[in-house]
Amino acid sequence: MSGEIPVCGRIAVHEILKYHSVISSFRAARVIKNGIGPDVVDIQWFVPQHGFVLIPLILLLRFWFRSKAKIFLTVHNVLPHEKRLFDHLFSRLAFRFSDRLLVHAEKLREDAVKHFGADRQKIAVVPHGICADGAVSHGKTEARAHLGIKEKHVLLFFGLVRPYKGLNDLIEAFKIVVEKFDVALLIAGEFFSGLTQCREELRNKGLLEKTYLFSRYIGLEEVPIFFGAADLLVQPYVKFSGQSGVTQTAYLHSVPVVATDVGGLPELVIHERTGVIVQPKDPKGLAFAIEALLGDDDKRRRYGLNGKKFLEAHLTWDRVTQRLLKIYAES
C-alpha cells in the first residue's frame, strides 16, 4: 500500500494484496515473478493473522513460480500484542520459509530465537526508520494555544491506545505528579478499547480537568502540534515485542522520552542521555522519573537535543536504507 506519504513517481505501486483474500497472494506472486523480477522480496510482517495471505505468497514464490528472489521478512512484532489462535504456527512457518529475517532491535532477535527457534545467523537488526526532515514548525506556545492547554508542563501519550501500552499506569503516575507540578496529560490517539473506562478513571481520580483527550486518529499534518506542545513523551508499556515509531517522532521534535524496560524500547531510549528507562507496571517509579525531568529544564533540553542527534546519526531513512541495501547485497 502506498500509505499517507506520497511515493516517488519513479516507483511503481501495485495495490494487489488483500488480507482477506488468498487469491490476491497468487496475483501478487505472479506480478512479482513475471512483472518485476526482483533480486529480493521484502515482506512486511506486522501481525501473525496476516499469515493467511503472506504465507501463501511466500510458498507460491518459492515452489509454484520458482522465483530466484531472496525472501526477506521484516518482522515488526516478533510476539503479537494480542494472542490469537494459530499465531505461533503462522509465525514459525513464515520465519522458516524466509531466507532472512529483519527485526528492529537486538531484543527482538533474541525473542525470535527463543520463541520460534529461528536461526540467529539469518536474523539482521535494522532500526525503525523515520523521515528526519518532517515538519517541526510549531513552538510550545503556539501548539498549546491550538490545543487549549493552559498548564505549565505537558506529558504526552501518543498513538493507538491498546491495553499493552500501559495507559492505566500513566494515569496512576499522573495522579502523583499533579500534586507537585502544574502539569497536563495529553492523550492523542484512537482507542482500541476502553475509552469510556478511561474517562471514568480520570473523573474518579479528579484528573479529567487536567487531561486533554483526543480520542481519534491523528493525521500526519497534526503530529507536529501534539509533539510541539509536549515537555515529555511517556511510553509506559507493560509488554512489547517491537520498536515504536512514536519514540523516533519524539526525537524529531527534540522531546525527551520516559519509557519502560520492555521490548526494543531500551535500545531506542538511551537511559540518562535521550530519556529515562523505568520498570514496567510501576506507577510510583514512573512518577519519580517524570518529576525528576519536569524539575530540571536543562536536563530536559539536553535529552531532547541528544535524541535529535541520535535520530540523525542512526534512525533516518537514509541510514536505514544504506543498512538494508548492504544486507540485501550480502544475501
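Before we start clicking, one definition: a residue is buried under 20% relative accessible area, exposed over 50%, and partly exposed in between, using a 1.4 Å probe and protein chains only. You are looking at a predicted model, where local features need pLDDT of at least 70 and side-chain atom pairs count only at pLDDT 80 or more, while totals for chains, interfaces and linings use all residues. Residues are numbered from 1 along each chain as its sequence is written, and side-chain values use heavy atoms, with hydrogens and water left out.

**Stop 1: the whole chain**

Show the protein chain as a cartoon and you will find 13 helices and ten strands; these are DSSP runs numbered from the N terminus, with helices being H or I of at least four residues and strands E of at least two. The C-alpha trace spans about 65 × 40 × 35 Å along its principal axes. Of the 331 residues, 51% are buried. Now turn on contacts, meaning heavy atoms within 4.5 Å: among those between residues at least 6 apart in sequence, 72% join residues at least 24 apart.

**Stop 2: helix α5**

Select residues 140-147, which form α5. Which residues of this helix are buried? They are Ala143, Arg144 and Leu147. Look down the axis of α5: these buried residues fall within an arc of 95 degrees, so they line one face of the helix. The arc is that of the directions from the helix axis to the C-beta atoms. An α-helix has 3.6 residues a turn, so residues three or four places apart point the same way.

Rotate to the other side of α5, and Thr141, Ala145 and His146 are exposed. Next, add the cover over the buried residues of α5, which includes β5 (153-158), β6 (183-188), β7 (211-214) and α8 (223-229). Then step to Gly148, which follows α5 and has a positive phi, near 80 degrees.

**Stop 3: two loop residues**

Most residues other than glycine have a negative phi, and most peptide bonds are trans. With that in mind, select Phe86, which is not a glycine but has a positive phi of about 80 degrees. Phe86 sits in the loop between β2 (70-75) and α3 (87-97), and counts as partly exposed at 45% relative accessibility.

Finally, move to the loop between α9 (245-252) and β9 (257-260), where you will find Ser254. Is Ser254 buried or partly exposed? With a relative accessible area of 29%, Ser254 is partly exposed. Its phi is positive too, near 60 degrees, in a residue other than glycine.
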